Amino acid sequence: MQKSLFIKLFVLFVSVNMSCFSLNAQKKSTAISTDNKITEKVLQEVLDQNKHFASQGKVADYIPELGKMNADAIAFSVVDTNGKVISVGDTDKKFTMQSISKIIALMVAVQENGEEAVFKNMGYFGSDKPFNHFGSLEITGKPLNPMMNAGAILTVSMIEGDGETAFQKVLKMVRFITKNNNINYNETVYLSEKETGHRNRGMFYIMKNSGLINGTEDQLDNYFKQCSIEVTAEDLAKIGYFFANECVRFDGDAIYKNTDLSKLIQSQMMVAGMYEFSGEYARRIGLPSKSGVGGGITVSVPGKMGIGVFSAPLDSHGNSVAGYQMILNFSKRFGLNIFAPK
Ligand code: DON
C-alpha cells in the first residue's frame, strides 16, 4: 500500500517536472533575448515579432504612385548612443520621406529666418485633425503648426531663393544629416502628387489670398519635391539621432550643433508629428517621432539615439502600422519612454 503510494507520488513528481521543462523549452524558443544590448539579433527579433501587423494597414494610394509600393517590405534601424548604425530587414529599400521632410524644411527655415519670424504666422499647436486639415486657416487665418500640410507649405515658402532653390536646400540638409550624397527625389512620385494634390494647392492659394504666401506655385512644387525625397530606414535613424543630439551628426560632425533648434523640432514632433494620433502616441511610446505616408517613421530618443522604421501599410491616421508596433516593442524593451523614470 505504502509502496504504491510512493510510486504514484514519484510518477506525479516526474510528470510535473517534465511539463515545466517543456514549458521552459517552449519559452526559450519564442521569448525575446534578454541581454540589454542593442544588437542586430535584438532588432531582428523586434522586426520578426511585429511584421505581421502590416496586414492590418493599407498602403497610401491618394497619391497614385504611392499605391505601387510593396506592402511586404519592412526595415528597422537604430543609431545607438555611440553613433553606431545597426539595421535589419529591407535595409536597401528606398521610400519617399513625405511628411518626414517637414522637420528638415523647418530646420532650414528657422536657420535662415529665426524662430520668431517662422512662427509669426503659424502656431505651435498639437492637433486632433488629420494632416491635410486646414480649418484653422479660416478660423485664425494661420496654420496650426509646421507639421500639418498647411504649415509645412508655408514653412518651405519661407526658405529664400527662386525656383527650386528652397527644395535644393532641404535636399542638401538631408544629404548632410545622413552623410549620403546619393539621396535624391523620386520624380515620378513628385509628378504624381503635383498632378493630384488639389487639396494642398487649395491651401497654398488660401494662404496666398490672405498674404501669408507671396511667391509663385514653384513654392508649392518645392513642398511636393521635398515630400518625394527617397530615403532608407537607416537614413531615418540618422535623422532621428541628429535631432536627439542637439543637431550633431551620427559621426560627431557638430557644424550645425544647435540645442535650441533640436528642442524646437523635437517638441513639434512630440505634439504633432503623428497628427491626431500624437497624444495617444505620446502616452504609449513617449518619444518625439515623425511619420510620413510613404511608410517611414523617424524617432528621436532625446540625448541618446535615433530610430528609423519602414513598412508601407498605414493606419487611418497615415502612420505605418508595423512601424509603430516595432517602435513600441523596442522602446518598452529598452525603457526609452521619456516620461518613465530610468
Ligand atoms: O502632402 C501630402 O499629402 C503628402 N505629400 C505628405 C503627407 C504625409 O506624409 C502625412 N504623414 N503621415
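**The ligand and its surroundings**

By class, the shell around the ligand is made up of seven nonpolar, seven polar and one charged residues. In this predicted model, the residues that surround the ligand number 15, and the closest of them are Tyr62, Gln98, Ser99, Glu193 and Tyr223.

Several side chains in the model place an N or O atom at a short listed distance from the ligand. For the side chain of Tyr62, the distance from such an atom to an oxygen atom of the ligand is 2.5 Å, while for the side chain of Ser99 an N or O atom is found 2.7 Å from an oxygen atom of the ligand. In the case of Tyr275, the partner is a nitrogen atom of the ligand, which is 3.3 Å from an N or O atom of the side chain. On its own, the ligand has 340 Å² of accessible area, and the protein covers 99% of this area.

With regard to its location, the ligand sits in the largest cavity. The UniProt record, an unreviewed entry, carries the annotation "binding site" for Ser99, Asn149, Glu193, Asn200, Tyr223, Tyr275 and Val293, and from this set the lining of the largest cavity takes in Ser99, Asn149, Glu193, Asn200, Tyr223, Tyr275 and Val293. Among the annotated residues, Asn149 belongs to helix 6, which comprises residues 149-157. Ser99, which is listed in the annotation, is also one of the residues closest to the ligand, and Glu193 and Tyr223 likewise appear both in the annotation and among the closest residues.

Terms used: Residues numbered from 1 in each chain as written. Predicted model: local features only at pLDDT ≥ 70, side-chain atom pairs only at ≥ 80, totals over all residues. Heavy atoms only, no water. Near = heavy atom within 4 Å. Polar contact = N/O pair within 3.5 Å; in protein donor to acceptor, adjacent residues only side chain to side chain. Areas by Shrake-Rupley, 256 points an atom, 1.4 Å probe, with all protein chains shown as cover. 1 Å grid on protein atoms, 1.4 Å probe; cavity = no way out; pocket = protein on both sides within 12 Å on 5 of 7 lines; lining within 4 Å. Sits in = over half its atoms within 2 Å of the grid points. Nonpolar A, V, L, I, M, F, W, Y, C, P; charged D, E, K, R; others polar. UniProt positions renumbered as here; feature names shortened; annotations may be inferred. Helix = DSSP H or I, 4+ residues; strand = E, 2+ residues; numbered from the N terminus.
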